[in-house]
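Here are some notes to read alongside the structure. They start from one residue and work outward to the whole chain.

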Amino acid sequence: MAYFDAAEHAATRAVSAPDLTGVGRPHRAASTHFENALQLRKSGFDRVKVMDRIGLSAALFNEGEPEQAAAAARPTAIAA
């Protein structure tokens, strides 16, 4: 459980955000949680950052932001 830091918690909230929509619970958009996770990730977590970036892109697309989703999925965005 040592790896379960604030970044991992944010990513977990991002994954569960769409489920909360289905049950009518108030929540922040999944993309917000994925952005938070990306900001909090420490160096050395490159594979997890890629998964966060994929999640961010999918969340933005599902939230009706296809242009932002495409930008988030670009390889140059991953280095950011």
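1. Let's begin with Phe34, which sits in helix α2, residues 30-40. Please keep in mind that this is a predicted model. Is Phe34 buried or exposed? Its relative accessibility is 7%, so Phe34 counts as buried, the cut-off being under 20%.

2. Which residues does Phe34 touch, once those up to four places away in sequence are set aside? The partners are Ala14, Val15, Asp52, Gly55, Leu56 and Ala59. One of these, Gly55, lies 21 residues from Phe34 along the chain, and the C-alpha atoms of the two are separated by 6.8 Å.

3. Asp52, another partner of Phe34, belongs to helix α3, residues 46-62. Asp52 counts as buried because its relative accessibility is 3%. Beyond the residues up to four places away in sequence, Asp52 touches Ala11, Phe34, Ala37, Leu38 and Arg41.

4. Leu56 is also worth a look. With neighbours within four places in sequence left aside, Leu56 is in contact with Ser31, Phe34, Glu35, Leu38 and Ala72. Both Leu56 and Phe34 appear in the largest nonpolar core, which has ten residues. The other members are Ala14, Ala17, Ala30, Leu38, Ala59, Leu60, Ala69 and Ala72. Which elements give two or more residues to this core? They are α1 (6-22), α2, α3 and α4 (66-73). As general background, nonpolar side chains tend to be buried together in soluble globular proteins.

5. Now for α3 as a helix. It has 17 residues, which should span 24 Å at 1.5 Å a residue, and the end C-alpha atoms are 24 Å apart, so the expected and modelled values agree. The buried residues of α3 are Asp52, Arg53, Gly55, Leu56, Ser57, Ala59 and Leu60. After α3 comes Gly64, with a positive phi near 85°.

6. How do α2 and α3 pack? Their axes are 8 Å apart, at an angle of about 160°. The two helices are therefore roughly antiparallel to each other, as angles over 145 degrees count that way. On the α2 side the contact is made by Ala30, Ser31, Phe34, Glu35, Ala37 and Leu38, and on the α3 side by Lys49, Asp52, Arg53, Gly55, Leu56, Ala59 and Leu60. The crossing of α2 and α3 is left-handed.

7. Next, please turn to α3 and α4. Their axes come within 7 Å and cross at roughly 170°. That angle makes α3 roughly antiparallel to α4. Where they meet, α3 contributes Arg53, Leu56, Ser57, Leu60 and Phe61, while α4 contributes Pro66, Gln68, Ala69, Ala72 and Ala73.

8. Phe61 makes a useful contrast in accessibility. This residue is in helix α3, and with 55% relative accessibility Phe61 counts as exposed, the cut-off being over 50%. Leaving aside neighbours within four places in sequence, Phe61 is in contact with Pro66 and Ala69. Its C-alpha atom is separated by 9.4 Å from that of Ser31, 30 residues apart along the chain.

9. Two further residues fall in the partly exposed class. Val50, found in helix α3, counts as partly exposed because its relative accessibility is 31%. The C-alpha atoms of Val50 and Leu38, twelve residues apart along the chain, are separated by 9.2 Å. Arg74 lies in the loop between α4 and α5 (75-78), and it counts as partly exposed because its relative accessibility is 45%. Between Arg74 and Ile54 there are 9.7 Å in space, C-alpha to C-alpha, and the two are 20 residues apart in sequence.

10. Finally, a look at the whole protein. How many helices and strands are there? The protein has five helices and zero strands, and the pattern along the sequence is α-α-α-α-α. Of its 80 residues, 29% count as buried. Among contacts with a separation of 6 or more, residues 24 or more positions apart account for 38%.

Methods: Residues are numbered from 1 along each chain as its sequence is written. This is a predicted model: local features need pLDDT of at least 70, side-chain atom pairs count only at pLDDT 80 or more; totals for chains, interfaces and linings use all residues. Side-chain values use heavy atoms; hydrogens and water are left out. Helices (H or I, at least four residues) and strands (E, at least two) are DSSP runs, numbered from the N terminus. Buried means under 20% relative accessible area, exposed over 50%, partly exposed in between (1.4 Å probe, protein chains only). Contact means heavy atoms within 4.5 Å. A nonpolar core is a set of buried Ala, Val, Leu, Ile, Met, Phe, Trp, Tyr and Cys residues joined through side-chain atoms within 4.5 Å. The expected span of a helix is 1.5 Å times one less than its number of residues. Axes are lines fitted to C-alpha atoms, for helices over the stretch in contact, and angles run from 0 to 180 degrees between N-to-C directions. Angles under 35 degrees count as roughly parallel, over 145 as roughly antiparallel, 65 to 115 as roughly perpendicular and the rest as oblique. A crossing is left-handed if the near helix is turned anticlockwise from the far one by less than a right angle, and right-handed if clockwise.
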